[in-house]
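Visitor: Could you take me through this model and tell me how each label is earned?

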Amino acid sequence: MAGNGIWRTKSVERSIADTDEPGTRLRRNLSAWDLTVFGITVMVGAGIFTLTARTAGDLAGPSVAVAFVLAGIACGLSALCYAEFASTVPVAGSAYTFSYATFGEFLAWIIGWDLVLEFSVAAAAVSKGWSVYLEELLASIFGANVATTIEFGGISADWGSLLLVVTLAVLLTLGTKLSSRFSMVVTTIKVLIILFVIALGIAYITPDNYTPFIPPAAAGEDAGGGIEQSLFSVLAGGSGSVYGGFGLLAGASLVFFAFLGFDIVATTAEETRNPQRDVPRGILGSLAIVTVLYVATSLVIAGMVPYGELSTAAEPEGRKTLATAFTYHGVDWAAHIVSIGAVVGLITVVMVLLLGQQRVLFAMSRDGLLPRGLAKTGQRGTPVRVNVLVTVVVGVAATFFDASQLEEMVNVGTLFAFILVSAGVIVMRKKRPELPRGFRVPWVPVIPILAIGVCLWLMLNLTVLTWLRFVLWMALGVAIYFAYGRRSSVLAREQKEVSTDSSD
């Protein structure tokens, strides 16, 4: 332990030693293949099924493929930094644990609170999307409208999303290895369907749909001005961020949501048999695979349908998806296959998001920043109490709240976490150069600095409203830390005991 007060740090050795603490020990049974499956599972899901078509229609036009490339570059640079940290500090908690060892307790809490926002909102939002697809699937099977929402007392409750969250929470409680095997089966189905979309969609591509590749910027009411435009557009004096250069950059910031997942791989480092070797492989391998799938899919969809037909502006209640492209060409049977793929695929997306949320809260509880009782593990080596808490919070949000417009809230928090991890690589190389590193980022500090710059750039291209919500969430987190965590953390109590013993 080094430092005092809110800047006290938890050493790497201490973090690793805590993984063997009786009663809070996680089972080590994951391989590099398991981690790669987890990464692909969560990334090949909400983004590919819901964001590709909508981003092309509302923000970037055919250049949505470039938006995916830009977001992929940002993730790739950050992934290198995550890989080094995860191979050096193979402990649950991901960016939270890394920040505790590098920047101190206060910033560790901030990033942990940030990750709570990322995983909870993402899990709730994707659960809502899954419920919509389930409703469509049930309607096609039974030939009648089977709603997944019910109304009582003027309140709308989404039983479909609640059913999904509770079922997956039970599965995660039974063990992470079981979850990985289930993910492997479902992920195989998802990838096959995405390959089906690419292969069949090529036959319906019209080259004229790629022109103009970057549509001219929208004007007037269609420009999306005010707090709905990107912060960078406001700072640069732009009138909006729909199409044009600002639209492309805003699109890259939005589709970044589709890449969420490799950072979740880092949260399972403590449950990996050989984390120094397998965690970097899982992170970089899953990211490389999905980047290729995303770019190929976005090129096909943009070529199948004129970008104007994918816009939701003329149809506010509708959300364009991959199935829309096949419906446009009258290939309804293919659209049904895509819808079935979404129902199956989004299941594992929510499961891995819940897993990431649980592991972050587990690490924060073990450190005393949240009640330590939450960190107790059950007979199967999983944090049952944390699982229950996450299930309740995400279940309530998915059941009673509209999470359809919260992708950007997830993105701003994730990008902030990436910036701290990238900066942490530079700091840790200077503070602890002797630490064994299973993976080393090349060209330090150039690569981490590039990662910081690209992530900050994407953050600036998120909307003003997103920034306002993010600031309010962070303010709430700061209040909770000073009211509870600052005095209740394990390090704070140890410092108090040392101080008492010295005075005696």
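**How the labels are earned**

Guide: Leaving aside neighbours within four places in sequence, Y100 is in contact with R8, T9, K10, E105, A108, D367, L369, S489 and L491, where contact means heavy atoms within 4.5 Å. This is a predicted model, in which local features need pLDDT of at least 70 and side-chain atom pairs count only at pLDDT 80 or more, while totals for chains, interfaces and linings use all residues. Residues are numbered from 1 along each chain as its sequence is written, and side-chain values use heavy atoms, with hydrogens and water left out.

Visitor: Why is Y100 called buried?

Guide: Buried means under 20% relative accessible area, whereas exposed means over 50% and partly exposed lies in between, with a 1.4 Å probe and protein chains only. Y100 has a relative accessible area of 1%, and therefore counts as buried. Y100 belongs to helix α5, residues 95-102; helices here are DSSP runs of H or I with at least four residues, strands are runs of E with at least two, and both are numbered from the N terminus.

Visitor: What makes the link between Y100 and E105 a polar contact?

Guide: The term asks for a pair of N or O atoms within 3.5 Å; within protein, one must be able to donate a hydrogen and the other to accept it, and residues adjacent in sequence count only if both atoms are side-chain atoms. The side chains of Y100 and E105 are joined at 2.7 Å.

Visitor: How do you know that E105 and R8 form a salt bridge?

Guide: A salt bridge is a side-chain nitrogen of Lys or Arg within 4 Å of a carboxyl oxygen of Asp or Glu, and for E105 and R8 the N to O distance is 2.9 Å. E105 lies in helix α6 (residues 105-142) and R8 in the segment before α1 (12-17), so this pair ties together parts that are 97 residues apart in sequence. Both E105 and R8 are buried.

Visitor: What makes K10 and D367 a salt bridge that ties together distant parts of the sequence?

Guide: The N to O distance between their side chains is 2.4 Å. K10 lies in the segment before α1 and D367 in the loop between α14 (332-366) and α15 (384-400), so the pair ties together parts that are 357 residues apart in sequence. K10 and D367 are both buried. A search of the whole structure finds 8 salt bridges, including one between E84 and R437, with the closest N and O atoms 3.2 Å apart.

Visitor: Why is C81 not bonded to C455 in a disulfide?

Guide: A disulfide is a covalent bond between the sulfur atoms of two cysteines, and here the label requires a pair of cysteine sulfur atoms within 2.5 Å. The closest cysteine sulfur to that of C81 is in C455, at 8.7 Å, and is therefore too far for a bond. C455 is in no disulfide either, as the nearest cysteine sulfur, that of C75, is 7.3 Å away. The structure holds 0 disulfides.

Visitor: How do you know that β1 and β2 pair?

Guide: Two strands pair if DSSP finds at least two bridges between them. Strand β1 (residues 149-152) and strand β2 (residues 155-158) have 4 bridges and pair in the antiparallel sense. E151 stands opposite S156 in β2, and the hairpin has 2 residues between the strands, with G153 taking a positive phi near 60°.
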